[in-house]
Amino acid sequence: MIDSYRHKGLRRALVKKLKAKGIQDERVLEAINTVPRHFFLDTAFLEKSYEDIAFPIEEGQTISQPYTVAFQTQLLEVDRGDKILEIGTGSGYQCCILLELGATVFTIEYNQRLSHKARALLHKMGYRPKFICGDGSKGLAAFAPFDKILVTAGAPIVPQTLKDQLKVGGYLVIPVGDHKSQKMLRITRLSETEYEEESFQNFKFVPLLGEYGWK
Ligand code: SAM
């Protein structure tokens, strides 16, 4: 795993592009500038690692577009020390961005092979989130409540169980829609019983599977 001056230069150019597209949170941009995205990609795509596009990883899944990662992370408003649940570990890239922001991350992945691969890579890179294999559509009740919950797959609905696992004042960021396109939502828990929902632009994610996902 080599992170050369060329890779660092390509990362700086990507950060500039994300800024031009409207990402303003300097801490998020700095995290993207820090994490070597080319470590997460299949060798076939290495040359394009710092283009603002999603790529296939194994098991028919994807590593999200950097703009999408930046947009979701910006919405989370991560504070140092936040306890975050990420649903959809995938390659592990988004998890590293959250860790760079000083969060404690629980990352859950449905596909066991992907989870094991991400664990091996992140450990090699020196990152130590808590990895869980299972159905993240149900959240992670054993470790709830969370300051923030991030869903990185497209959901048909907002699962109530995820809202229930937020701390008061916490955010749930989740793309919701059909198979073609999903609206990015940010749900804030205002009190034990009240939530506020904000709606942002549309994205395209692979489907969230499991009990409260697509069957
Ligand atoms: N965050 C990832 C990254 O940085 O590479 C990208 C995630 S990819 C767009 C979506 C992931 O969600 C896939 O790896 C998929 O297997 C996973 N997934 C789908 N349904 C899930 C569920 N119910 N629980 C946990 N993971 C799920």
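At what angle do the axes of α2 and α4 cross, and within what distance do they come? Roughly 125°, and within 9 Å. That makes α2 oblique to α4. The crossing is right-handed. On the α2 side, the contact is made by Ala-31, Ile-32 and Thr-34. On the α4 side, Tyr-93, Ile-97 and Glu-100 make it. By type, the residues of this contact divide into four nonpolar, one polar and one charged.

Before I go on: this is a predicted model.

Stay with α4 for a moment. This helix covers residues 93–100. Seven of its eight residues are buried, so the rest of the structure largely encloses it. The buried ones are Tyr-93, Gln-94, Cys-95, Cys-96, Ile-97, Leu-98 and Leu-99. Two of those names, Tyr-93 and Ile-97, you just heard in the contact with α2. After α4 comes Gly-102. Its phi is positive, near 90°.

Now the other partner of α2. Helix α1 spans residues 5–20, and α2 spans residues 26–34. These two pack at an angle of about 150°. Their axes are 9 Å apart. How are α1 and α2 oriented to each other? The cut-off for roughly antiparallel is over 145 degrees, and α1 and α2 are therefore roughly antiparallel. The crossing of α1 past α2 is right-handed. Who meets whom? From α1 come Arg-11, Arg-12, Leu-14, Val-15, Leu-18 and Lys-19. From α2 come Glu-26, Leu-29, Ile-32, Asn-33 and Thr-34. The split here is five nonpolar, two polar and four charged. Note Ile-32 and Thr-34: α2 uses them towards α1, and they also serve in the contact with α4.

On to the sheet. Seven strands form an open sheet with mixed pairing. Read across, the order is β5-β4-β3-β6-β7-β8-β9. Which strands stand at the edges? They are β5, residues 130–133, and β9. Each has a single partner strand, so one side of each is left without a neighbour in the sheet. Ignoring direction, neighbouring strands are turned by 15° against each other on average.

Take one pair from that sheet. Strand β7 is residues 166–177, and β8 is residues 182–189. The two run antiparallel, joined by seven bridges. One example to look at is Ile-174, whose bridge partner in β8 is Leu-185.

Next, the helices that lie across these strands. Helix α3, residues 66–76, lies across β6, β7, β8 and β9. Its direction is at about 165° to β9. Helix α5, residues 112–125, lies across β4 and β5. Against β5, α5 runs at about 165°. Keep in mind that β5 and β9 are the edge strands.

Last stop: Pro-207. Where does it sit? In the segment after β9, the strand at 195–203. Is Pro-207 buried, exposed or partly exposed? Its relative accessibility is 35%, so Pro-207 counts as partly exposed. Which residues does Pro-207 touch, leaving aside neighbours within four places in sequence? Ala-153, Gly-154, His-179 and Trp-214. One distance to add. Pro-207 and Gln-182 are 25 residues apart along the chain. Their C-alpha atoms are separated by 9.9 Å. Gln-182 falls in β8, which spans residues 182–189.

To close, back to α2. Its partners today were α1, roughly antiparallel to it, and α4, to which α2 is oblique.

Notes
Residues are numbered from 1 along each chain as its sequence is written. This is a predicted model: local features need pLDDT of at least 70, side-chain atom pairs count only at pLDDT 80 or more; totals for chains, interfaces and linings use all residues. Side-chain values use heavy atoms; hydrogens and water are left out. Axes are lines fitted to C-alpha atoms, for helices over the stretch in contact, and angles run from 0 to 180 degrees between N-to-C directions. Helices (H or I, at least four residues) and strands (E, at least two) are DSSP runs, numbered from the N terminus. Angles under 35 degrees count as roughly parallel, over 145 as roughly antiparallel, 65 to 115 as roughly perpendicular and the rest as oblique. A crossing is left-handed if the near helix is turned anticlockwise from the far one by less than a right angle, and right-handed if clockwise. Contact means heavy atoms within 4.5 Å. Ala, Val, Leu, Ile, Met, Phe, Trp, Tyr, Cys and Pro count as nonpolar, Asp, Glu, Lys and Arg as charged, and the others, Gly among them, as polar. Buried means under 20% relative accessible area, exposed over 50%, partly exposed in between (1.4 Å probe, protein chains only). Two strands pair if DSSP finds at least two bridges between them.
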